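Please look over the chain shown here. The report that follows covers its surface, overall fold, helices, salt bridges and backbone.

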Amino acid sequence: MPQIVSNTIQFHIAAYSETEQQYKFLIIQRASDLLIYPNVWQVITGTIENDETAVNCALREVQEEIGLNLSNTKLFTIPYVTKFFVPKKDYISLAPVFGAIIDKNSRILLSAEHQAYKWVSANEFDSTIILPSHREANIIFIDTILNSTNPSLFELKT
């Protein structure tokens, strides 16, 4: 019987484009030499280390994967938990989801785990991202944070 494990996070990043009058979403492409999901476009994900909280893991993964320190940025907990099955380990993974709105001109520095990044519209996000949990979480990010009249309801106080 599969176990339920919760040791990963997912992190979505948006930026408002004044010229296009819409939010754009940061997606990153996994390196081609990775064993799991090579070349796949995704959002930031990561594994929670010993004694680390999910929030601390999220901040660390953003720093490691795209080189951004979000200590002075509004962070949000997206009211959604992703779920997916890991057949090789026979477990169901549950992952909390986080988000942030940053300046689109922020300098992105990719880790060796990724080979490219781009800013995309919500429609392009849906057509580029193949992982269902990433697409589902982005819809909830848009609905509950970006299009909300009260996004502070989900703001993290770190």
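## Surface

About 8800 Å² of the protein chain is exposed, and 51% of that area comes from carbon and sulfur atoms. The model is a predicted one. Buried residues account for 45% of the 158 residues in the protein chain.

One nonpolar patch on the surface, of about 280 Å², is formed by Ile4, Phe85 and Ile92. Of these, Phe85 belongs to strand S6, residues 75–86. Phe85 has 43% relative accessibility and so counts as partly exposed.

## Overall fold

The protein chain contains three helices and eight strands. Their order along the sequence is β-β-β-β-β-α-β-β-β-α-α.

A box of roughly 50 × 35 × 25 Å, taken along the principal axes, holds the C-alpha atoms of the protein chain. A compact globule of 158 residues would have a radius of gyration near 15 Å, and the value of 15 Å for the protein chain agrees with this. Among contacts with a separation of 6 or more in the protein chain, 70% are between residues 24 or more positions apart.

## Helices H1 and H3

Helix H1 has 13 residues, and its first and last C-alpha atoms are 18 Å apart, close to the 18 Å expected at 1.5 Å a residue. Buried in H1 are Cys57, Ala58, Arg60, Glu61, Val62, Glu65 and Ile66. The cover over these buried residues of H1 includes strands S2 (8–17), S3, S5, S7 (91–101) and S8 (114–120). Gly67, just after H1, has a positive phi of about 70°.

Helix H3 runs over residues 132–146; its 15 residues should span 21 Å at 1.5 Å a residue, and the 20 Å between its end C-alpha atoms agrees. The buried residues in H3 include Ser133, His134, Ala137, Asn138 and Phe141. Ile142, Thr144, Ile145 and Leu146 of H3 are buried as well.

## Salt bridges

The whole structure has eight salt bridges. One of them joins the side chains of Arg30 and Glu113, at 3.4 Å from N to O. This pair links distant parts of the chain, with Arg30 in strand S3 and Glu113 in the loop between S7 and S8, 83 residues apart. Arg30 has a relative accessible area of 11% and is therefore buried, whereas Glu113, at 29% relative accessibility, is partly exposed.

Arg60 forms a salt bridge with Glu49, and their closest N and O atoms are 3.6 Å apart. Because Arg60 lies in helix H1 and Glu49 in the loop between S5 and H1, the pair ties together parts eleven residues apart in sequence. Arg60 is buried at 17% relative accessibility, and Glu49 is partly exposed at 46%. Arg60 also meets the side chain of Glu64 in a salt bridge of 3.2 Å, N to O. Glu64 and Arg60 are both in helix H1, four residues apart, which is about one turn of the helix. Glu64 has a relative accessible area of 41% and counts as partly exposed. A network of salt bridges links Glu49, Glu52, Arg60, Glu61 and Glu64.

## Backbone angles

Most residues other than glycine have a negative phi. Which values does phi take at Tyr37 and Asp51? Tyr37 has a positive phi of about 55° although it is not a glycine. Tyr37 is in the loop between strand S3 (22–30) and strand S4 (41–42), and is partly exposed at 45% relative accessibility.

For Asp51, also not a glycine, phi is positive and near 55°. Asp51 sits in the loop between strand S5 (44–47) and helix H1 (54–66). With 85% relative accessibility, Asp51 counts as exposed.

Technical notes:
Residues numbered from 1 in each chain as written. Predicted model: local features only at pLDDT ≥ 70, side-chain atom pairs only at ≥ 80, totals over all residues. Heavy atoms only, no water. Patch = residues over 30% accessible without salt bridge, like charges linked within 9 Å, V, L, I, M, F, W, Y side chains within 5 Å. Areas by Shrake-Rupley, 256 points an atom, 1.4 Å probe, with all protein chains shown as cover. Salt bridge = Lys/Arg side-chain N within 4 Å of Asp/Glu carboxyl O. Helix = DSSP H or I, 4+ residues; strand = E, 2+ residues; numbered from the N terminus. Buried < 20%, exposed > 50% of the residue type's maximum accessible area, 1.4 Å probe, protein only. Expected span 1.5 Å × (residues − 1). Rg over C-alpha atoms; globule rule 2.2 N^0.38 Å. Contact = heavy atoms within 4.5 Å.
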